[in-house]
Amino acid sequence: MRIDVLTLFPEMFDGPLNHSIIGRAQTAGIVDLHLWNIRDFARDRHRQVDDYPFGGDVGMVMKPEPVFAAVRHILQKEESPVILMTPQGETFNHRLAEELSSEPRLLFICGHYEGFDERIRQSLATQEISIGDYVLTGGELPTMVVIDSVVRFLPGVLGEESAVKTDSFGMGLLEYPQYTRPREFEGLLVPEVLLSGDHGKIARWRKKQALRRTLRRRPDLLDKIDLTSEDMELLAIIQSECDES
Ligand code: ADE
């Protein structure tokens with residue numbers, strides 16, 4: 001996958017995307033990341049990228065010309081979704097990450113200052129994404145969040161392909177608890193079933209734990225998935241255990 005990012009602060013991406021799993025995905029050629037400084041596309045003497053808002057208001061607005069010039073330069077030969085990172089966009093989630101991971105390329109525009117000239121939104125962006133109902137100082141961190149979660153879906157990025165299916169949200173549920181050695185830590189024991197070697201029992205225990213955790217923390221998620229008859233049975237057991245305690 002090729003990913004282009006338009007930003008006023010390309011250096012911000014060096015740390016988070018050049019290490020660990022995403023760093024390795026780049027080295028392996030699974031993801032080809034290109035960072036572009038919007039200021040390099042400003043044609044005036046002062047390389048100005050922002051200006052005062054018409055009508056008067058607080059703060060500055062990102063000018064359209066450099067952003068349009070950059071996108072046109074990058075997408076001369078090929079098409080790509082053009083994603084504007086903004087708190088006004090569609091809220092990002094697991095489903096959207098998976099959807100974006102099937103695109104051969106993506107282009108992100110990171111905003112700064114008080115916002116964008118509306119024409120960037122109107123005739124350049126094909127999609128607007130928010131990472132949540134809060135406002136950050138710029139679109140760089142949100143872009144890194146989206147890139148990280150999209151790249152996880154690309155084949156060969158995670159050691160175990162199945163990891164993206166079983167982690168939180170993969171099956172529409174929060175993930176079950178995980179344990180590693182030692183078997184006992186400060187008096188806290190690993191559940192016996194995980195040491196049993198009985199894969200059927202372990203799978204059922206994990207399903208029950210995932211259902212219990214989702215029911216307690218994010219009951220809204222249960223409304224969005226098709227529950228199997230085993231899920232219903234396990235939920236009834238969880239409910240009866242709650243009633244007892
Ligand atoms: N830019 C500033 N805040 C943002 C958010 N919550 N999501 C996406 N882009 C942003």
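The exchange below concerns the ligand site and a surface patch in a predicted model.

Colleague: Which strand gives the most to the shell around the ligand?

Modeller: The residues around the ligand include Met85, Thr86 and Pro87, together with Ile129 and Ser130. Two strands, E5 (82-91) and E7 (127-130), each supply at least two residues of that shell. The one that gives the most, with three residues, is E5.

Colleague: How many charged residues does the shell around the ligand have, by class?

Modeller: Among the residues around the ligand are Ile131, Tyr134, Val135 and Leu136, as well as Gly132 and Gly138. By class, the shell has eight nonpolar and four polar residues, and the number of charged ones is none.

Colleague: What percentage of the ligand's accessible area does the protein cover?

Modeller: A nitrogen atom of the ligand lies 3.2 Å from a polar backbone atom of Thr86, and a ligand nitrogen is also 3.0 Å from a backbone N or O atom of Ile131. For Gly132, a polar backbone atom is 3.2 Å from a nitrogen atom of the ligand. Of the 260 Å² of accessible area that the ligand has on its own, the share covered by the protein is 96%.

Colleague: Why is Met12 classed as partly exposed?

Modeller: Met12 sits in the loop between strand E1 (2-7) and helix H1 (14-17), and with Phe9, Tyr134, Leu136 and Leu141 it forms a nonpolar surface patch of about 440 Å² of accessible area together. The partly exposed class lies between buried, under 20% relative accessible area, and exposed, over 50%. Met12 is therefore partly exposed, because its relative accessible area is 35%.

Conventions
Residues numbered from 1 in each chain as written. Predicted model: local features only at pLDDT ≥ 70, side-chain atom pairs only at ≥ 80, totals over all residues. Heavy atoms only, no water. Near = heavy atom within 4 Å. Polar contact = N/O pair within 3.5 Å; in protein donor to acceptor, adjacent residues only side chain to side chain. Areas by Shrake-Rupley, 256 points an atom, 1.4 Å probe, with all protein chains shown as cover. Helix = DSSP H or I, 4+ residues; strand = E, 2+ residues; numbered from the N terminus. Nonpolar A, V, L, I, M, F, W, Y, C, P; charged D, E, K, R; others polar. Patch = residues over 30% accessible without salt bridge, like charges linked within 9 Å, V, L, I, M, F, W, Y side chains within 5 Å. Salt bridge = Lys/Arg side-chain N within 4 Å of Asp/Glu carboxyl O. Buried < 20%, exposed > 50% of the residue type's maximum accessible area, 1.4 Å probe, protein only.
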